[in-house]
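Student: I'd like to go through this structure with you, one question at a time. Can we start with the terms and then work through the model?

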Amino acid sequence: MRTERHWTEYELGKRADISQSTISTWYRKKQLPNLATLDKLSSAFGITLSQLVAEDGDLVELSREDKEVLNLYQCLTLKQRKLFIKFMDSLIHDQIQEDAEHEPEKCAEAGEDRENTEDGEKA
């Protein structure tokens, strides 16, 4: 989408308030941004979050619960969104720890995915 608009990584970063080095890391390491960053990107592109994550331009089919969470998230201030992301991360972390006792292989994969996402955001 960035290249379709002929935007450089720097320009996208400026529009989305994300560092150019973070965007570059996503491309180089094939990492994905977290929800808060996806929200910034959708705003920069002037589209909804569901349109941003849709494949082939098709809208993603969301469940009623998914829509409710996204609608509530959109109503939050930036500070509240950051707190929400931290809260969700802690829930996932706690669940991974609990699941590790029962399904260690599954949890190791989930932990790796989570670390990769976090590394992409911090870069």
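Tutor: Sure, one definition before we dig in: a residue counts as buried under 20% relative accessible area, as exposed over 50%, and as partly exposed in between. Keep in mind that this is a predicted model.

Student: Is Asp-17 buried or exposed?
Tutor: Look for Asp-17 in the loop between helix 1 and helix 2. Its relative accessibility is 62%, and the cut-off for that class is over 50%. So Asp-17 counts as exposed.

Student: And what is the phi of Asp-17 near?
Tutor: Asp-17 is a residue other than glycine, yet its phi is positive. The value is near 60 degrees.

Student: Which residue with a positive phi follows helix 2?
Tutor: Go to the loop between helix 2 and helix 3. The residue there has a phi of about 50 degrees although it is not a glycine. At 75% relative accessibility it counts as exposed. The residue that follows helix 2 is Lys-30.

Student: Let's zoom out. What pattern does the protein follow along the sequence?
Tutor: The secondary structure comes to 7 helices and 0 strands. Read along the sequence, that gives α-α-α-α-α-α-α.

Student: What percentage of the residues is buried?
Tutor: The protein has 123 residues, and buried here means under 20% relative accessible area. The buried share is 28%.

Student: Which residues of helix 2 are buried?
Tutor: Helix 2 covers 20-29. Its buried residues sit in one run of the numbering: Thr-22, Ile-23, Ser-24, Thr-25 and Trp-26.

Student: How are the rings of Trp-7 and Phe-45 arranged?
Tutor: The structure holds 2 aromatic pairs, and this is one of them. The ring centres are 5.2 Å apart and the planes are at 5 degrees, where planes under 30 degrees apart count as stacked. So the pair of Trp-7 and Phe-45 is stacked.

Student: How many residues apart are Trp-7 and Phe-45?
Tutor: Trp-7 is in the segment before helix 1 (9-16), while Phe-45 is in helix 3. Trp-7 is buried at 9% relative accessibility, and Phe-45 is buried too, at 8%. The pair links distant parts of the chain, with a separation of 38 residues.

Student: What is the C-alpha to C-alpha distance between Lys-82 and Leu-35?
Tutor: Lys-82 is found in helix 6, residues 78-102. It's partly exposed, with a relative accessible area of 48%. Lys-82 and Leu-35 are 47 residues apart in sequence. In space, their C-alpha atoms are apart by 9.8 Å.

Student: Among contacts between residues at least 6 apart, what percentage joins residues at least 24 apart?
Tutor: A contact here takes heavy atoms within 4.5 Å. Of the contacts in that set, the share joining residues at least 24 apart is 44%.

Student: Which helices each supply at least two residues of the lining of the second largest pocket?
Tutor: That pocket has a volume of about 490 Å³. Its lining has 17 residues, of which Tyr-27, Pro-33, Leu-38, Leu-41 and Leu-52 lie nearest the centre. The helices you're after are helix 2 (20-29), helix 3 (35-45) and helix 4 (49-53).

Student: How many residues of that lining are nonpolar?
Tutor: Sort the lining of the second largest pocket by residue class. There are 3 charged residues and 1 polar, and the nonpolar ones number 13.

Technical notes. Residues numbered from 1 in each chain as written. Predicted model: local features only at pLDDT ≥ 70, side-chain atom pairs only at ≥ 80, totals over all residues. Heavy atoms only, no water. 1 Å grid on protein atoms, 1.4 Å probe; cavity = no way out; pocket = protein on both sides within 12 Å on 5 of 7 lines; lining within 4 Å. Points joined across faces, edges and corners; volume = space filled by probe spheres on them. Helix = DSSP H or I, 4+ residues; strand = E, 2+ residues; numbered from the N terminus. Nonpolar A, V, L, I, M, F, W, Y, C, P; charged D, E, K, R; others polar. Buried < 20%, exposed > 50% of the residue type's maximum accessible area, 1.4 Å probe, protein only. Phe/Tyr/Trp six-rings, centres within 6.5 Å; stacked < 30°, edge-to-face > 60°.
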